[in-house]
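Work through the exercises below with the sequence and the 3D structure at hand. Each task is followed by a solution in steps.

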Amino acid sequence: MVKLDNKKALEMSFAWIFAIIVGAIIIISAIYIAGKFIIPGGQYRVNTETAKQIANAFEPLQTSVEEIKSDSLIFISETKLYTSCNLNEEFGENRFEISERSGFNKQWTERGGDIASKNYVFAEEEIETKEDKRVYFLVKQFKMPFKTADVISMYTNKYCFVNTPESIEEELNALNLKENGTNIELKTAVSSCDEDSVKVCFNSQGNCDVIVSCNDFECNNGYVKKGSNYKEYFSKALVYGAIFSSKEDYECNVERIMKRLNALSELYADKATFISGKGCNTGLNADIVALAQLTSKFNIKKIESELPVIEAQAMTIEEKNKPENLVCQLF
Amino acid sequence: MNKMTVKNKIGQLKIQQMAFMLVAVFLFFSLVLLFYFKISLGDVGKTARDLEIQKAEGMVEKLASSPELIFEGRPNSIDADKLMVLKSERKFKELWDVNGIIIRKIYPPSFEKEVECKISNYPDCNIIKVFTDKNIAPVKAYVALCRKQSNENGVYDKCELAVLMVDLNEEEEK
């Protein structure tokens, strides 16, 4: 049996215990108040960092071999994303702000600083994460005739595509909709869609939130109608942009893409001249310069008449650049 | 009477002791708070730098498949001819939001020394600098550097192994 020689317990006076408890309360309150109001940033800083992380997440979303891809981001707390678009400087930009639900009473916090991105993000001006706390991205390559940009559609709602044209259905099915978590379902009737989903109807009317009227079987161009007044012309990859974005965001981003197409046309015209000196005569110079001129004059208000002309010129160049027609290809 | 005075004095002493303790504990925790502020504020700069590096890493992937650099739609292949044309196009610097791009040919080894590509010596060179004079940058990726080349049989595509480096924006790097 072991006997303890020293049986003294730790003696602590009431003053000590009281002081420690009060001190702890003071410091916890101080940290909370400082975190909330004094430390530069606080929640503002957290929201700004999150916006920056989202802008960074767009960079590796670019397509290379694949024509279309999807991805999603999961947030820790409920989040609101504010998107805007401008035509500043040479290529314009998208800007993002974040607000999160935070604190004991789960209030929406003040928006963080707005972060710029040179990507082409098509979204509603304000989107809010749902129960799954996810933001979804659908990325489609925009080619006219060479790769010009990636149309990134960003959304949080569940979408239900009804009566989808075969070409669109095929490319969406290739994404493995369920496994990749695109939050898009393909149905044959509006009645089969989930109640809370945004119903997108192709070439049909009915109880739909968005109506897509295709001009051809493959739905390469046509109109997207939202509500009573909003009607937008689209071409190729822009169909997704038109479905998932607001009118202002769509028009601004289309203008930005045309600016990029203009710059790229000039670059390819210079490349054609440059490689002709190395024995690679493409004979495409005049066509590319014509494309550059068309895009430089692009006016979004005349999208219905101007975009088809640009598309036709792009198709002419694409045809001439095919391996069977050109030994030394330009792109 | 005497007993009560002694008890009061002991009580006063205890109150004094407690007050001193409260002040001491408050001062101690204030120091902890100051330390926390310092760490927290220092962390802002670090977070900003981390985010910039994260951006640059994504940027390298993006650049390799960007329409301005990609070689005839081939993944991870950079068009050296387009790069030579791009050298003078400052507007693309704003598009990518980087300080510069450096592409160094690494295989097959061509020169012992570093020879910067200019219109006058292209393609007999091994480093292409776009919008920068630096020779090296921290964020890199391996790519195929391709160009049009001609010989007696005609024109063909020639690709070499290269390293693509992105020079971050200087102000943000600091």
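The expected span of a helix is 1.5 Å times one less than its number of residues. Helices (H or I, at least four residues) and strands (E, at least two) are DSSP runs, numbered from the N terminus. The model is predicted: local features need pLDDT of at least 70 and side-chain atom pairs count only at pLDDT 80 or more, while totals for chains, interfaces and linings use all residues. Residues are numbered from 1 along each chain as its sequence is written, and chains are lettered from A and ligands numbered from 1 in the order in which they are written.

**Exercise 1.** Check the span of helix α7 of chain A, then find which residues of α7(A) are buried.

Step 1. Helix α7(A) covers residues 285–296, which is 12 residues, and should span 16 Å. The C-alpha atoms at its ends are 16 Å apart, in agreement with that value.

Step 2. A residue is buried if 20 or more other C-beta atoms lie within 10 Å of its own, exposed if 12 or fewer, and partly exposed in between, with C-beta atoms placed from the backbone. In α7(A) the buried residues are Asp287(A), Ile288(A), Leu291(A), Leu294(A) and Thr295(A).

Step 3. Down the helix axis, the buried residues of α7(A) fall within an arc of 120 degrees, so they line one face of the helix. The arc is that of the directions from the helix axis to the C-beta atoms. An α-helix has 3.6 residues a turn, so residues three or four places apart point the same way.

Step 4. Ala286(A) and Gln293(A) are exposed on the other side of α7(A). The cover over its buried residues includes α6 and α8 (303–320) of chain A.

**Exercise 2.** Treat α8(A) in the same manner: what are its buried residues, and which exposed residues lie on the face turned away from them?

Step 1. From first C-alpha to last, the 18 residues of α8(A) reach 25 Å, close to the expected 26 Å.

Step 2. Ile303(A), Leu307(A), Ile310(A), Gln313(A), Ala314(A) and Ile317(A) are the buried residues of α8(A). They fall within an arc of 125 degrees seen down the axis, so they line one face of α8(A).

Step 3. The face turned away from the buried side carries Glu304(A), Ser305(A), Val309(A), Ala312(A) and Met315(A), which are exposed.

**Exercise 3.** Describe the sheet of chain B and find the strands at its edges.

Step 1. Chain B has 4 helices and 6 strands, in the sequence pattern α-β-β-α-α-β-β-β-β-α.

Step 2. Two strands pair if DSSP finds at least two bridges between them. The open sheet of 6 strands has the order β1-β2-β5-β6-β3-β4 (chain B), with mixed pairing. Strands β1 (70–71) and β4 (127–130) of chain B are at the edges with a single partner strand each, so one side of each has no neighbour in the sheet.

Step 3. β5 (residues 139–151) and β6 (residues 154–167) of chain B are antiparallel, with 13 bridges. These two strands form a hairpin with 2 residues between them, and Asn151(B) is opposite Gly154(B).

Step 4. β3 (residues 100–107) of chain B also pairs with β6(B) in the antiparallel sense, over 7 bridges. Across this pairing, Lys105(B) faces Ala162(B) and Ile101(B) faces Val166(B).

**Exercise 4.** How many residues of each chain take part in the contact between chains A and B?

Step 1. Two residues are in contact if their C-beta atoms, placed from the backbone, lie within 7 Å. By this rule, 45 residues of chain A are in contact with 43 residues of chain B.

Step 2. α1 (14–38), α2 (43–58), β9 (147–155) and α6 (247–276) of chain A each supply at least two residues of the side that touches chain B. The largest share of that side, 12 residues, comes from α1(A).

**Exercise 5.** Where are the cis peptide bond at Pro123(B) and the positive phi of Phe131(B) placed along chain B?

Step 1. Most residues other than glycine have a negative phi, and most peptide bonds are trans.

Step 2. The bond between Tyr122(B) and Pro123(B) is cis, with omega about 5 degrees. Pro123(B) is in the loop between β3 and β4 of chain B.

Step 3. Phe131(B), not a glycine, has a positive phi of about 60 degrees. Phe131(B) lies in the loop between β4 and β5 of chain B and is buried, with 20 other C-beta atoms within 10 Å.
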